[in-house]
Amino acid sequence: MRVYLSHGTLSFPGYFGARALAALQEHAEVVRNMTEAELRDEALAEAARGCDAIIAYRGSPGTEATFANSPQLKAFLRCAVDISTVDVAAASRHGILVTQATPGFVDAVAELAIGFMVDLARGVSRSVQDYRAGRIPEVRPGLQLRGATLGLVGHGRIARRLAEIANAMGMRVLAYDPQTGTHPLDEVLSQPDIVVCLALSTPETRHMMNAAAFAAMRRGAFFINLSRGELVDEAALVAALDSGHLAGVAMDVGSFPDQMPNPRLAARPDVIATPHVGGLTPAAAEHQAMDTVRQIAALAAGRLPEGAVNAAQATRLNLA
């Protein structure tokens, strides 16, 4: 079996790694992207010519142009949980299997959430910015997390892990999930000192954090987004900050390409932003890379791999 690994030389160390590569080479002949380029469309198809499978970094989406120009391709493996970069319908039309990895980033994202919470509550970044600018920071009382209330919008794996940590710190936790209901949304927005958005991105949740949602939050509360940028109406978020209704915001995602925070929003002194690195730890990346290794091993043995998204349409596969 011949496999194309789309991770370029810049993304390979952080998003796949040498140990996963060595494991992959035990099951397949591996062709690597030895450039810094993030290949896509016809360029990706050309680079992967003659390969049975592509393991795709997020910079190499699965598009109609790639699938239409890859007559030998049998599987497109997304080395992540998020398959929004893959046109699954197009892959299915061409009989190509699409797979996704399991989430290995639960702890990593939950830990970043705790870091954001401490930073916002105690004004850490604000003080650092002042000192670096040669100013003496204003001394202000902070929010003690023990005894504070945390609101979780979304109650999946990351939110549940964050709730465990917050409970251990002595926080009160309220959670709302668009899929299951749990606590009423107005209660989860109106009572907490800190609201963290961790809901799934669906057409129904687009801009769920809008002007009405921010108005429902307590004046002086903090808001954190660790889900997807499209869940937040950024104009409404700016208005809530400008009016002083929100005391501060932290975000690892936003409306810029590749889910990066909007730089203009991130530059505000009342915003803490990181460049979509919530799940970027070696342990998290290796977990997902090893998922793709196991998927390739299954395909090489003629078995349907775990994580298959469109098995019924994968007519190019020859399974035992």
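Helices and strands are taken here as DSSP runs, a helix having at least four residues and a strand at least two, and they are numbered from the N terminus. In those terms Gly-278 belongs to the loop between strand E12 and helix H13, in a model that is predicted. With a relative accessibility of 6%, Gly-278 counts as buried, because buried means under 20%. Once neighbours within four places in sequence are left aside, Gly-278 is in contact with Ala-108, Val-109, Leu-112 and Asp-252. Asp-107 stands 171 residues away from Gly-278 in sequence, yet the two C-alpha atoms are 9.5 Å apart in space.

A second loop residue can be described in a similar way. Thr-205 sits in the loop between strand E9 (194–197) and helix H10 (211–216), and its relative accessibility of 3% is why Thr-205 counts as buried. A polar atom of the Thr-205 side chain lies 2.8 Å from the backbone oxygen of Leu-200. Beyond neighbours within four places in sequence, the contacts of Thr-205 are with Pro-178, Leu-200 and Leu-231.

**Nonpolar cores**

The largest nonpolar core holds 29 residues, and those with the most contacts inside it are Met-117, Leu-150, Leu-162, Val-196, Ile-224 and Leu-226. At least two residues of this core come from each of H6, strand E6 (149–153), H8, E9 and E10, and H6 supplies the largest share, with 10 residues. Val-196 gives a closer view of these surroundings: not counting residues up to four places away in sequence, Val-196 touches Leu-150, Gly-151, Leu-152, Val-153, Leu-162, Ile-224 and Leu-226. Another core, of 26 residues, lies apart from the one just described and has Phe-223, Leu-237, Leu-265 and Val-271 among its residues.

**Pockets and a cavity**

The linings of three spaces are set out below by residue class.

| Space | Nonpolar | Polar | Charged |
|---|---|---|---|
| Largest pocket | 20 residues | 15 residues | 9 residues |
| Second largest pocket | 9 residues | 5 residues | 5 residues |
| Largest cavity | 5 residues | 3 residues | 1 residue |

The largest pocket contains about 1200 Å³ of space. Its lining is made up of 44 residues, of which Val-81, Asp-82, Phe-105, Ser-227 and Arg-228 lie nearest the centre. Helix H1 (12–15), helix H6 (106–122), helix H8 (157–168) and helix H13 (282–300) each contribute at least two residues to that lining.

The second largest pocket contains about 410 Å³ of space, and among the 19 residues that line it, Leu-120, Gly-123, Arg-126, Arg-140 and Phe-222 are the closest to its centre. At least two lining residues of the second largest pocket come from each of H6, helix H7 (124–132), strand E11 (246–251) and strand E12 (271–273). H6 gives the most to this lining, with 4 residues.

The count of cavities of 30 Å³ or more comes to 1, and the largest cavity has a volume of about 50 Å³. The residues that line the largest cavity are Phe-223, Asn-225, Gly-229, Val-232, Glu-234, Leu-237, Met-251, Val-253 and Gly-254. Strand E10 (221–225) and helix H11 (234–242) are the elements that give two or more residues to this lining.

How values were computed: Residues numbered from 1 in each chain as written. Predicted model: local features only at pLDDT ≥ 70, side-chain atom pairs only at ≥ 80, totals over all residues. Heavy atoms only, no water. 1 Å grid on protein atoms, 1.4 Å probe; cavity = no way out; pocket = protein on both sides within 12 Å on 5 of 7 lines; lining within 4 Å. Points joined across faces, edges and corners; volume = space filled by probe spheres on them. Nonpolar A, V, L, I, M, F, W, Y, C, P; charged D, E, K, R; others polar. Buried < 20%, exposed > 50% of the residue type's maximum accessible area, 1.4 Å probe, protein only. Polar contact = N/O pair within 3.5 Å; in protein donor to acceptor, adjacent residues only side chain to side chain. Contact = heavy atoms within 4.5 Å. Core = buried A, V, L, I, M, F, W, Y, C linked by side-chain atoms within 4.5 Å.
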